[in-house]
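Here are some notes to go with your first look through this one. Keep the viewer open and follow along point by point.

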Amino acid sequence: MDKTFNPNDAETRIYQAWEDSGAFQPKDDDNAEAFSIVIPPPNVTGRLHIGHALNNTLQDVLVRYKRMLGCSVLWQPGTDHAGIATQMVVERQLADEGNISRRDMGRDAFIKRVWEWKEESGGAILQQLRRLGASCDWSRERFTLDEGLSKAVLKVFVELHQQGLIYRDKRLVNWDPHFQTAISDLEVENRETQGHFWHFAYPLADGSGELVVATTRPETVLGDSAVAVHPEDERYKHLIGKMIKLPIANVEIPIVADEHADPEQGTGCVKITPAHDFNDFEVGKRHDLPKVNILDREARLLTEDDGTGGLERIPAEWRGLDRFEARKKLVAKMDELGLLRAVEDKVIQQPYGDRSGVVIEPWLTDQWYVNAGELAKEAIAAVEDGRTTFHPKTWEKTYFEWMRNIQPWCISRQLWWGHRVPAWYDEDGNVFVAESEAEAAEQARAQHDRDVPLSQDEDVLDTWFSSALWPFSTLGWPDDTPEMVEKFYPTSVLITAFDIIFFWVARMMMQGLHFMKDADGQPQVPFKDVYIHALVRDENGQKMSKSKGNVIDPLELIDEYGADAVRFTLAAQAGQGRDIRMSKERVEGYRNFGTKLWNAARFAEMNECIVPDGFDPKSVTQTVNKWILSEAAQAIEAINAGLDTYRFNDAAAAAYRFVWNVFCDWHLEFAKPLFNGEDEAAKAETRATTAFVLDQALKMLHPFMPFVTEELWQQTGTRDTHLIVADWPQLDGLQNVDATAEMDWLINLVTDIRRLRAEMNIPAGAQLPLVAVGADPVTTERFARHEALIRRMARLSDVTTAVAVPPASAQTVLGTTTLALPLEGVIDFDAEKARLSKEVAKLDGEIGRLEKKLGNEKFVANAPESVVAEQREKLTDYAGQKAKMTEALARLEGM
């Protein structure tokens with residue numbers, strides 16, 4: 001074997017061997033249980049970040065586990081065309097090259113340029129996933145704009161339109177004035193901003209008084225359609241139905257009664273601008289108020305009449321002003337009119353486009369919508385009746401809250417890169433929805449009794465529309481390779497982040513249930529389980545961000561420590577509902593775990609450990625061998641239980657404990673005397689058992705640490721297959737209660753003696769006698785059976801039994817037996833008492849300091865949560881140290 005494992009040299013070679021062997025493709029066995037999982041398609045513009053690393057590590061752990069269990073596994077990879085993100089990348093590239101803009105270039109030429117960029121630079125993240133070890137079936141890689149998926153998008157759009165579930169409507173959207181497109185809520189970033197509340201007086205039309213309203217967006221005054229007051233607000237009941245004279249616009253608007261107005265907030269009066277505020281839009285619907293728009297696509301005051309009545313409200317000299325310039329003009333004018341009552345400084349939540357970085361405007365525009373409320377009904381029922389289950393189950397509450405309050409889904413975007421809306425218009429504005437222009441022309445011909453010119457809708461579909469079809473469109477739906485759909489749909493599990501439960505998970509549920517039916521025509525969910533993983537934070541529990549400078553790059557970690565260490569760090573901390581704390585120190589620790597495994601394998605090789613043909617682990621006779629086989633069986637049972645219930649951290653912990661704490665730390669130490677002994681039968685059995693158990697260790701660790709385990713698999717025996725497709729351990733019948741009890745006793749004995757030596761500061765080289773007092777016959781037999789091992793591992797000169805504890809002995813109790821180490825002449829009692837007293841006093845000082853700090857309510861309330869947690873951990877650690885020191889001091893005092 002090589003002396004060390006070098007990930008930089010080995011990982012690419014091993015991965016290529018897996019891929020070349022076809023190991024990533026589903027097993028061609030009709031009798032094998034199907035297991036399928038779809039990758040959340042990363043943006044084609046994306047780069048692997050730590051969230052991707054967590055998500056894909058967990059998927060790969062499951063995929064490798066199920067593959068070794070003998071399932072026919074499909075892990076479906078691919079990328080999302082990422083409309084606005086990709087368009088932005090190419091537009092920036094054009095600008096950097098000094099080329100013309102996309103609008104000057106024209107739609108066809110620009111789209112061609114985007115495709116060129118995609119072929120040259122897009123999809124780099126898929127290569128980065130390979131570096132992580134992701135064992136996707138790359139032969140089936142898909143792209144949301146490829147021909148097959150585009151066909152599925154067309155079919156779904158047309159059928160939903162025919163069913164009245166897709167329609168065109170004028171509603172408010174999140175409008176990005178930079179990109180001049182609607183964007184989804186997910187693409188809106190709410191930032192805390194230092195803003196203002198401007199308090200304006202609106203005169204009553206009859207001159208009898210005024211109402212004072214407050215706004216953070218004064219320019220929208222020009223678009224007001226009403227002032228709302230609460231129906232039970234006694235201050236204003238008598239004014240409901242009266243008219244307001246809207247300043248500057250010089251129009252009258254009504255005072256309406258609506259519960260949206262909160263009597264406890266400000267004056268209790270709220271200006272209502274249905275065309276420029278989402279809440280006001282709903283108020284406007286309830287009271288049939290006009291939707292008066294005052295802004296154009298670039299968020300400038302109108303210069304042309306758009307039919308809403310907004311243009312005539314805008315003073316001629318203000319038309320065409322940017323919204324923020326218009327804000328200054330309006331505030332100054334209200335002040336001039338004597339209607340500015342106050343300006344209040346206020347921190348506000350301001351919506352920004354996450355790509356453009358400009359303030360988002362709620363804007364009234366014609367868009368295409370999906371009747372999400374209707375589609376949500378079956379998606380809600382499927383989770384309620386358990387056809388799909390969330391893990392952790394608490395996320396179902398979030399899912400239900402969103403789904404039961406769902407709004408129409410705006411699916412059109414004013415972009416060029418994406419699936420173009422399959423709708424064509426004649427000169428009169430009649431719309432014809434079809435899968436092709438030829439079909440649309442046929443519809444138009446039938447309506448007009450002649451050929452008429454048609455123009456296609458300029459918009460493209462929301463990226464989430466195509467990704468909502470991902471679980472079945474990637475399998476060839478609607479008409480290609482139906483056997484793939486039959487075999488792998490519904491998929492087994494979806495692993496994703498909580499922030500896209502609504503944007504992606506819910507929409508896959510809605511579309512999957514609507515379009516996919518079983519043999520009896522019943523709706524089929526897209527996945528049986530949904531595992532929602534937590535956030536990856538920095539080592540202090542802080543959310544990672546570029547501004548904080550605490551972003552951890554997984555690719556840099558892989559370069560430095562290897563993919564296995566990064567993967568194991570993520571999996572070992574992936575407890576349900578608990579965020580992950582990532583640090584280089586943790587990754588380094590698990591890199592050392594890989595090194596420990598490598599050294600154990602080298603030790604086994606040096607001791608000629610090989611699994612002979614016909615070896616039957618159930619036939620072993622040595623207690624140490626029965627015990628390690630039993631421990632391996634228990635570890636596999638725990639790993640199975642963890643992975644079957646998505647408790648990745650429990651499974652990783654079970655594998656780690658067995659390999660490091662049991663196999664490496666104890667079994668190999670127990671085996672050394674047998675390897676070097678004269679009993680050839682015991683030596684041969686222990687060699688075979690050690691090699692067999694090492695193989696089981698490689699298998700159980702493979703889903704978590706695939707590279708080092710595969711390399712060891714190839715270097716430690718003559719193998720007829722790669723480890724990636726080897727059988728998962730089946731160790732039924734190997735658990736042995738008696739052997740476990742005996743070896744646990746031995747481990748506890750050695751551990752207790754080692755602890756006692758450390759606490760009493762006994763020199764490492766000192767060979768002491770052990771006196772066992774009160775040992776029962778079974779324990780006495782164990783001492784006799786394992787005396788040589790106990791002496792070697794606990795550094796003892798001899799082991800004897802007695803009826804009384806010798807004087808000046810350090811003592812501990814194991815079961816009913818008192819273990820005594822005579823210390824006369826071994827340590828200086830007075831010096832040791834002084835040392836321990838000094839240590840206890842020092843710890844008292846640290847404990848007092850921390851208790852005072854943590855007792856300070858101001859510190860606990862204002863310090864970062866991670867800092868408070870760190871201080872509490874230190875306090876617990878110091879208290880534990882003090883207890884041990886005090887116990888050791890009490891022993892010395894009693895001598």
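1. A quick definition before the sheets: two strands count as paired if DSSP finds at least two bridges between them. Also bear in mind that this is a predicted model. With that, take E22 and strand E23 (residues 527–533): they pair in the parallel sense, over 6 bridges. One bridge to look up joins valine 493 to its partner in E23, aspartate 529.

2. Now for the sheet around that pair. It's an open one of 3 strands with parallel pairing, in the order E15-E23-E22. Strand E15 (389–391) and strand E22 (491–497) are the edge strands; each has a single partner strand, so one side of each has no neighbour in the sheet. From one strand to the next, the twist averages 20°. Helix H2 (residues 50–68) lies across E22 and E23, and runs at about 160° to E22.

3. There's another open sheet of 3 strands, this time with antiparallel pairing and the order E19-E18-E20. Which strands stand at its edges? They are strand E19 (431–433) and strand E20 (455–456), each with a single partner strand, so one side of each is left without a neighbour in the sheet. Strand E18 (residues 423–425) pairs with E19 over 3 bridges, in the antiparallel sense, and tryptophan 424 has phenylalanine 432 in E19 as its bridge partner. Helix H12 (residues 437–448) packs on this sheet, touching E18 and E19, and its direction makes about 135° with that of E19.

4. Next, have a look at the second largest pocket, with a volume of about 1,100 Å³. It is lined by 42 residues, and those closest to its centre are Phe197, Ala214, Thr215, Thr216 and Asp277. Several elements each supply at least two lining residues, among them strand E7 (188–203), strand E8 (210–215), helix H8 (278–287) and helix H9 (323–336). Which strand gives the most to the lining? That's E13, with 6 residues. By type, the lining of this pocket divides into 14 nonpolar, 16 polar and 12 charged residues.

5. Last, the aromatics. A search of the whole structure turns up 40 aromatic pairs. One of them is the edge-to-face pair of tryptophan 477 and phenylalanine 515, at 5.8 Å centre to centre with 65° between the planes. This pair links distant parts of the chain, 38 residues apart: tryptophan 477 is in the loop between helix H14 (470–473) and helix H15 (482–488), while phenylalanine 515 is in helix H16 (residues 501–515).

Technical notes:
Residues numbered from 1 in each chain as written. Predicted model: local features only at pLDDT ≥ 70, side-chain atom pairs only at ≥ 80, totals over all residues. Heavy atoms only, no water. Helix = DSSP H or I, 4+ residues; strand = E, 2+ residues; numbered from the N terminus. Axes fitted to C-alpha atoms, helices over the stretch in contact; angles between N-to-C directions. Contact = heavy atoms within 4.5 Å. 1 Å grid on protein atoms, 1.4 Å probe; cavity = no way out; pocket = protein on both sides within 12 Å on 5 of 7 lines; lining within 4 Å. Points joined across faces, edges and corners; volume = space filled by probe spheres on them. Nonpolar A, V, L, I, M, F, W, Y, C, P; charged D, E, K, R; others polar. Phe/Tyr/Trp six-rings, centres within 6.5 Å; stacked < 30°, edge-to-face > 60°.
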